[in-house]
Amino acid sequence: MSLVEIENVHKSYGDIEVLRGVSLRIEEGEIVAIIGRSGSGKSTLLRCINGLEPIQSGTIRFDGQQVNSADTDLRKLRQKVGIVFQSFNLFPHLNAERNITLGLTVVKKMPPDEARTIARKVMTQVGLEDKLDAYPDMLSGGQQQRVAIARSLAMSPKLMLFDEITSALDPELIGEVLTVLAGLAEAGMTMMLVTHEMGFARNVAHRLVFMHEGEIWESGAARAVLDDPQTPELKSFLGSVLI
Ligand SMILES: Nc1ncnc2c1ncn2[C@@H]1O[C@H](COP(=O)(O)OP(=O)(O)OP(=O)(O)O)[C@@H](O)[C@H]1O
Ligand SMILES: [Mg+2]
């Protein structure tokens with residue numbers, strides 16, 4: 001059994017089909033980068049895996065459990081599948097520690113002391129152990145994004161989904177966030193990430209998936225896909241992004 005099993009998923013918004021028969025399996029410990037043009041369905045795919053979007057047909061299984069089923073407890077599922085977006089969505093009126101402990105004490109009903117210990121641990125993991133007391137507006141964009149990652153990690157997810165998490169950052173702040181991701185990769189976290197950072201995809205991802213018009217157009221070992229694109233669509237896409 002693979003950790004994620006996506007089979008022939010179709011997803012529409014009204015009359016527009018945005019996922020047209022997507023199938024993909026992800027093994028535990030695997031790092032999969034998803035690339036593709038705007039509107040190709042990358043974010044939609046991540047949101048479907050996390051149960052944030054219903055699908056019209058096909059199946060998505062996570063850790064043996066069907067995501068798109070009426071019996072599935074999506075709250076429980078989302079504790080095991082973390083998702084981080086381009087916008088950090090931290091609570092502005094709570095400091096970093098409280099942003100992290102909130103989910104633990106409210107959703108997981110963890111005692112506050114235990115939650116604070118975890119907050120310290122995950123903030124250390126993202127290199128911000130000295131910023132536990134800082135409010136979001138006292139932090140740089142890169143630091144806020146690292147707190148958002150720490151908040152997800154606090155739930156001990158088995159899978160992390162990252163949707164263009166460096167896209168809103170100034171160029172000089174991108175590196176520190178990618179360093180955190182590389183650390184997670186080294187620690188063996190299973191990850192799917194939508195990214196425009198081709199250098200990062202090449203060096204860190206095991207597998208690269210190129211989406212085009214709602215389909216997986218090409219996929220394979222990251223370097224092979226980048227160095228030897230098989231279709232005109234991927235060639236043209238790679239020509240339009242910085243590598
Ligand atoms: N909530 C929604 N309602 C209607 N259409 C939507 C919705 N979300 C996405 N879409 C449409 O679905 C298609 C795929 O969108 P998606 O956000 O998955 O693309 P993407 O590959 O992530 O693009 P980008 O690189 O711009 O983030 C687009 O045509 C988009 O307009
Ligand atoms: Mg997107």
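Here is a short conversation about a predicted model, its ligand, its largest pocket and its strands.

Reader: What makes Tyr13 one of the residues that surround ligand 1?

Author: A residue counts as near when one of its heavy atoms lies within 4 Å of the molecule. A polar side-chain atom of Tyr13 lies 3.5 Å from a nitrogen atom of ligand 1, so Tyr13 meets that cut-off. Also around the ligand are Val18, Arg37, Ser38, Gly39, Ser40, Gly41, Lys42, Ser43, Thr44 and Glu164.

Reader: Why is the pair formed by Gly39 and ligand 1 called a polar contact?

Author: The cut-off for a pair of N or O atoms is 3.5 Å. Here an oxygen atom of ligand 1 is 2.8 Å from a polar backbone atom of Gly39, so the pair qualifies. Glu164 offers another case, with a polar side-chain atom 3.4 Å from an oxygen atom of the ligand. As for cover, the protein takes up 57% of the 630 Å² of accessible area that ligand 1 has on its own.

Reader: What is the make-up of the shell around ligand 1, and which element gives the largest share?

Author: The shell holds two nonpolar, six polar and three charged residues. Helix α1, residues 42–49, gives the largest share, with three residues.

Reader: What makes Arg78 a lining residue of the largest pocket?

Author: A lining residue has an atom within 4 Å of a pocket point. Arg78 is among the 25 residues that line this pocket, and together with Ile83, Arg151, Ser152 and Met155 it lies nearest the centre. The pocket has a volume of about 640 Å³. Two or more lining residues come from each of α2 (74–80), β6 (81–84), α3 (96–106) and α5 (141–153). The largest share, five residues, belongs to α3. By type, the lining has 14 nonpolar, eight polar and three charged residues.

Reader: How do you know that β1 and β2 pair?

Author: Two strands pair if there are at least two bridges between them. β1 and β2 have eight bridges, in the antiparallel sense, so they pass. You can look for Lys11 opposite Leu19 in β2, and for Val4 opposite Ile26 in that strand. Two residues sit between the strands of this hairpin, where Gly14 takes a positive phi near 60°.

Reader: How do you know that β1 pairs with β4 as well?

Author: The same kind of test works here. Strand β1 (residues 4–13) and strand β4 (residues 57–62) share five bridges, and at least two are needed, so this is a pair too, again antiparallel. One of the matches is Val4 with Phe62 in β4.

Reader: Why are β2 and β5 called edge strands?

Author: The open sheet has four strands in the order β2-β1-β4-β5, with antiparallel pairing. β2 (16–26) and β5 (65–66) each pair on one side only, and these are the edge strands.

Reader: What makes β9 and β10 a pair?

Author: Six bridges join strand β9 (residues 207–212) to strand β10 (residues 215–221), and the need is for at least two, so they count as paired. The two strands run antiparallel, and Met211 has Ile216 in β10 as its bridge partner. Their hairpin has two residues between the strands, and Glu213 takes a positive phi near 50°.

Technical notes:
Residues numbered from 1 in each chain as written. Chains lettered and ligands numbered in written order. Predicted model: local features only at pLDDT ≥ 70, side-chain atom pairs only at ≥ 80, totals over all residues. Heavy atoms only, no water. Polar contact = N/O pair within 3.5 Å; in protein donor to acceptor, adjacent residues only side chain to side chain. Areas by Shrake-Rupley, 256 points an atom, 1.4 Å probe, with all protein chains shown as cover. Nonpolar A, V, L, I, M, F, W, Y, C, P; charged D, E, K, R; others polar. 1 Å grid on protein atoms, 1.4 Å probe; cavity = no way out; pocket = protein on both sides within 12 Å on 5 of 7 lines; lining within 4 Å. Points joined across faces, edges and corners; volume = space filled by probe spheres on them.
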